[in-house]
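Work through the exercises below with the sequence and the structure at hand, and try each task before you read its solution.

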Amino acid sequence: MPLVKEEGGFYDRDPREYELRVGVVFPGPYRASINSLGHQLIYYVSNEVEGVIAERFVSDVPKSVDGSLRLKDLDLMLVSIHYEGQIHTFLRMLQDWGIPASRRRREIPIIAGGPALNNPLPVSEVFDAVVVGDGEEVVPKLLSMIREGASKEEIASLDGIYVRGKRNVRFQRASMEYLPESQILAHFPEGKNPFLLEVSRGCSQGCRFCLLGWTQRPRRDRPLRQIEEQIEIAAELGFEKVYLIASDLLSHPRIADIMKKILDEGLTFSTPSLRADELDDDVLEVLRMAGVRTVTIAPETGSWRVKLAINKPMENRDIIGVAEDLRDSGIRKLKTYFVLGFPFERLDDVKESARLAYELSSVGLEVEASVS
Ligand code: SF4
């Protein structure tokens with residue numbers, strides 16, 4: 001049984017009517033899984049393939065979240081790995097399920113994907129194949145081929161699929177046309193989960209330490225018309241909040257209009273970490289209208305020398321100016337992300353970061369500094 005009663009968006013199908021039974025695995029708990037766009041995309045895109053039934057498996061529910069497939073019924077597992085720590089979680093899940101981690105000792109094939117596997121070689125003894133890049137266009141082709149009985153060699157020849165020994169794999173960049181026909185709506189004691197709205201994918205900023213800034217470059221924006229339709233669907237489905245998803249949200253040329261549209265539909269929104277140098281008056285005004293109280297920015301460092309090295313050169317005085325603008329727009333809390341341990345970083349650089357965090361806290365906002 002799911003941990004909570006899902007109110008909508010899930011499939012309710014009879015497995016006996018399908019030829020290929022797929023487990024879509026999220027390496028983490030149920031609550032995290034319904035806030036994972038990648039996991040939901042693979043769930044929906046798989047279920048839309050003719051002859052395929054796909055059900056969700058997570059780390060804290062002992063069987064399928066959707067309730068009808070058992071592990072022993074599965075023909076195939078698909079797993080999305082978003083960061084390296086999820087590899088360990090997934091290996092623990094396999095251990096709990098009594099399934100060997102080594103692909104050579106296992107009967108069920110497991111195909112993985114996700115940003116943490118952009119270099120698939122280290123996991124090539126665990127996974128039978130890895131989708132390199134975006135999955136929503138490759139996965140349907142893959143599932144159709146498997147359903148039709150394709151050989152391992154035929155699957156390995158598919159564009160975007162890595163198997164051990166394959167030398168050239170083209171990184172997949174989806175067109176952004178695909179949108180799932182629904183989204184999972186669940187009700188927790190504290191309220192409903194948010195509607196996940198991917199505004200853009202990738203980033204053109206080119207920060208040197210950032211994987212996405214290199215693998216998903218340039219940024220691709222979803223058209224405003226499509227985003228507006230999604231916001232209307234979110235309201236119709238009964239969602240109350242929209243979570244705006246993008247690596248560089250404020251670069252979308254119509255972001256202020258998107259936020260206003262959400263408010264017009266009677267919904268609220270939350271944002272990921274924002275580029276401080278892109279916060280303009282229009283966005284500040286709509287944040288004020290929305291009653292947003294917390295904003296997250298990522299200065300990364302207070303050292304000008306390191307800022308230049310990582311290609312994120314925003315002067316500390318400008319970051320402090322942005323904090324003052326946020327305070328004047330009604331923001332009460334500023335979350336900040338810093339990184340320690342850049343190559344060639346010196347103690348003086350670290351002190352500059354500490355000084356910047358201190359100066360931000362003097363602006364009159366509650367400041368939370370996270371260090372990674
Ligand atoms: S702005 Fe953010 S997402 Fe873009 S390259 Fe820099 S760190 Fe990465």
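A cavity, as the word is used here, is a set of grid points where a 1.4 Å probe fits but cannot get out, and a residue belongs to its lining if one of its atoms lies within 4 Å of such a point. The model is a predicted one, and the exercises should be read with that in mind.

**Exercise 1. Find the cavities and describe what lines them.**

Solution. Begin with the whole structure, where a search finds 2 cavities of 30 Å³ or more. Turn next to the largest cavity, which holds about 70 Å³ of space and is lined by Leu37, Leu41, Tyr178, Leu179, Pro180, Gln183, Leu196, Glu198, Arg201, Arg222 and Gln230. Sorted by class, this lining comprises 6 nonpolar, 2 polar and 3 charged residues, and α2 (37-47) and β10 (195-198) each contribute at least two of its residues.

The second largest cavity has a volume of about 30 Å³, and its lining is made up of Leu37, Gln40, Leu41, Tyr44, Pro180, Ser182, Gln183 and Leu196. Here α2 provides the largest share, with 4 residues, while the division by class gives 5 nonpolar, 3 polar and no charged residues.

**Exercise 2. Characterise the second largest pocket by its volume, its lining and the helix that gives the most to it.**

Solution. Take the volume first, which is about 480 Å³ for the second largest pocket. Its lining consists of 21 residues, and those nearest the centre are Pro109, Asp128, Ala129, Lys152 and Val163. By class, the lining of this pocket divides into 11 nonpolar, 2 polar and 8 charged residues. The element that gives the most to this lining is helix α5 (residues 152-156), with 4 residues.

**Exercise 3. Work out the order of the strands in the open sheet, and explain what is particular about its edges.**

Solution. The sheet consists of 3 strands in the order β1-β8-β9, with antiparallel pairing. Since β1 (6-8) and β9 (191-192) stand at the edges and each has a single partner strand, one side of each is left without a neighbour in the sheet. Looking at one pair in detail, strand β8 (residues 185-188) joins β9 in the antiparallel sense over 2 bridges, and Phe188 stands opposite Gly191 in β9.

**Exercise 4. List the residues around the ligand and sort them by class.**

Solution. The residues that surround the ligand are Cys203, Gln205, Gly206, Cys207, Phe209, Cys210, Gly213, Ser247 and Arg275. Sorting this shell by class yields 4 nonpolar, 4 polar and 1 charged residue.

**Exercise 5. Place Gly67 in the fold: is Gly67 buried, partly exposed or exposed?**

Solution. Locate the residue first, in the loop between β3 (52-57) and β4 (76-80). Then consider its relative accessible area of 45%; because partly exposed covers the range between under 20% for buried and over 50% for exposed, Gly67 counts as partly exposed. For its position relative to Arg56, note that Gly67 and Arg56 are 11 residues apart in sequence and 8.8 Å apart in space, taken from C-alpha to C-alpha.

**Exercise 6. Give the bounds of the domains and the separation of their centres.**

Solution. The protein is divided into domain 1, which covers 6-162, and domain 2, which covers 292-372. Taken over C-alpha atoms, the centres of domain 1 and domain 2 are separated by 39 Å.

Conventions: Residues are numbered from 1 along each chain as its sequence is written. This is a predicted model: local features need pLDDT of at least 70, side-chain atom pairs count only at pLDDT 80 or more; totals for chains, interfaces and linings use all residues. Side-chain values use heavy atoms; hydrogens and water are left out. A residue is near a molecule or strand if one of its heavy atoms lies within 4 Å of it. Ala, Val, Leu, Ile, Met, Phe, Trp, Tyr, Cys and Pro count as nonpolar, Asp, Glu, Lys and Arg as charged, and the others, Gly among them, as polar. Two strands pair if DSSP finds at least two bridges between them. On a 1 Å grid over the protein atoms alone, a cavity is a set of points where a 1.4 Å probe fits but cannot get out, and a pocket is an open set with protein on both sides within 12 Å along at least five of seven lines; lining residues have an atom within 4 Å of a point. Grid points are joined across faces, edges and corners, and a volume is the space filled by probe spheres set on the points. Domain bounds come from an automatic or database domain assignment. Buried means under 20% relative accessible area, exposed over 50%, partly exposed in between (1.4 Å probe, protein chains only).
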